[in-house]
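Here is a short tour of one helix and one strand, written for someone who likes to check geometry against the coordinates. Please open the structure alongside the text.

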Amino acid sequence: MSGVAYEIVDVFTDRPFAGNPLAVVFDGANLASGQMQTLAAEFNLSETVFLLPPSTAEATYRVRIFTPTLELPFAGHPSVGAAVTAMRRGLFGAGPVVQECGAGLLPLTVTAAGAATLTGAPPRLGDQLDPGPLLAAAGLTAADFAGDSPGGVAAPRSAGCGLDWIFLPVRREALARVRVNPRAAEEAGCADLSVFAWSGTEAHARVFSSTWTVDEDPATGSAALGLGVWLVAAGRLPGDGTSTYRIHQGVEMKRPSRLDCTVTATGGVATAATVTGHVHPVAAGRIAVPPFIG
């Protein structure tokens, strides 16, 4: 059939049929924004990424990223998935590349083994938040909050490296009981929420967004980057040097995912973060091009 080529890949997993599924569409330069949005709605995955030629000599390639309902300036699993898929199709070789997206120019390193390390945009950190409304929106109580920190209470707050999330630390046993009420989350100002339990250098996380069609995400690279920023600010990772941490996500969805991360800090402030994941192809084909939507 005519149309455009695509692949479905699973991202942030060591095997197919786990992690976060992603649609990678080629020949995006021939598609209008409305057509991209229609295709993303047809795939109905948390995100669909479109590969395009770069608009600047500094970039290796350009992407546009869509949920089923809106375009995002940046997202982690589409960035990792697009880089590995493009490398496998011969658009460029393994090694360092630069992705152009709505959040700017982001460096990645792609391996021949099918993994990519993404460096996020400059870190951002929001003000401390009252945990009460956030816990209520997640269907939890004050007893589930895990904000104790060597430096005092580690309050919830937003953080991100291209896309911001609110981070709510809870006790490990509370994660399975999380039931986010989208209306309560919007009223509490936490439409994009990462609920996580921290132990040593590892986190178990569940990530929710009431602005997406897919309410819970099995693996969220942008939230993984932001968590590193939060961990430094909360004193749970060192305030100087580079630290490693690992995130387990998607367990409750039966889509287990693993995100390996680093965060670099100076003087107690995060200055950079990376996230690494493997990508496994599971399907390929062609999809019809929707009618032009102006």
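## Helix H2: length

The expected span of a helix is 1.5 Å times one less than its number of residues. Keep in mind that this is a predicted model. Helix H2 covers residues 76–88, which makes 13 residues, so a span of 18 Å is expected. The C-alpha atoms at the ends of H2 are 19 Å apart, in agreement with that value.

## Helix H2: surroundings

Buried here means under 20% relative accessible area. By that cut-off 12 of the 13 residues of H2 are buried, so the helix is largely enclosed by the rest of the structure. The buried residues include His77, Pro78 and Ser79, as well as Thr85, Ala86 and Met87. Gly76 and Gly81 are also among them.

After H2 comes Gly90, which has a positive phi, near 85°.

## Strand E1: burial

Strand E1 runs over residues 4–11, and 8 of its 8 residues are buried, so E1 is largely enclosed by the rest of the structure. Which residues point which way from E1? Val4, Tyr6, Ile8 and Asp10 point one way, while Ala5, Glu7, Val9 and Val11 point the other way. Both sets are buried, and that includes Asp10 and Glu7.

## Strand E1: partners

E1 pairs with two strands that are worth a look in the viewer. With strand E19 (residues 269–287) the pairing is antiparallel, over 8 bridges, and Tyr6 stands opposite Gly285 of E19.

With strand E2 (residues 20–25) E1 also pairs in the antiparallel sense, over 6 bridges. There, Val9 stands opposite Leu22 of E2.

Note on methods: Residues numbered from 1 in each chain as written. Predicted model: local features only at pLDDT ≥ 70, side-chain atom pairs only at ≥ 80, totals over all residues. Heavy atoms only, no water. Helix = DSSP H or I, 4+ residues; strand = E, 2+ residues; numbered from the N terminus. Buried < 20%, exposed > 50% of the residue type's maximum accessible area, 1.4 Å probe, protein only. Pairing = 2+ DSSP bridges.
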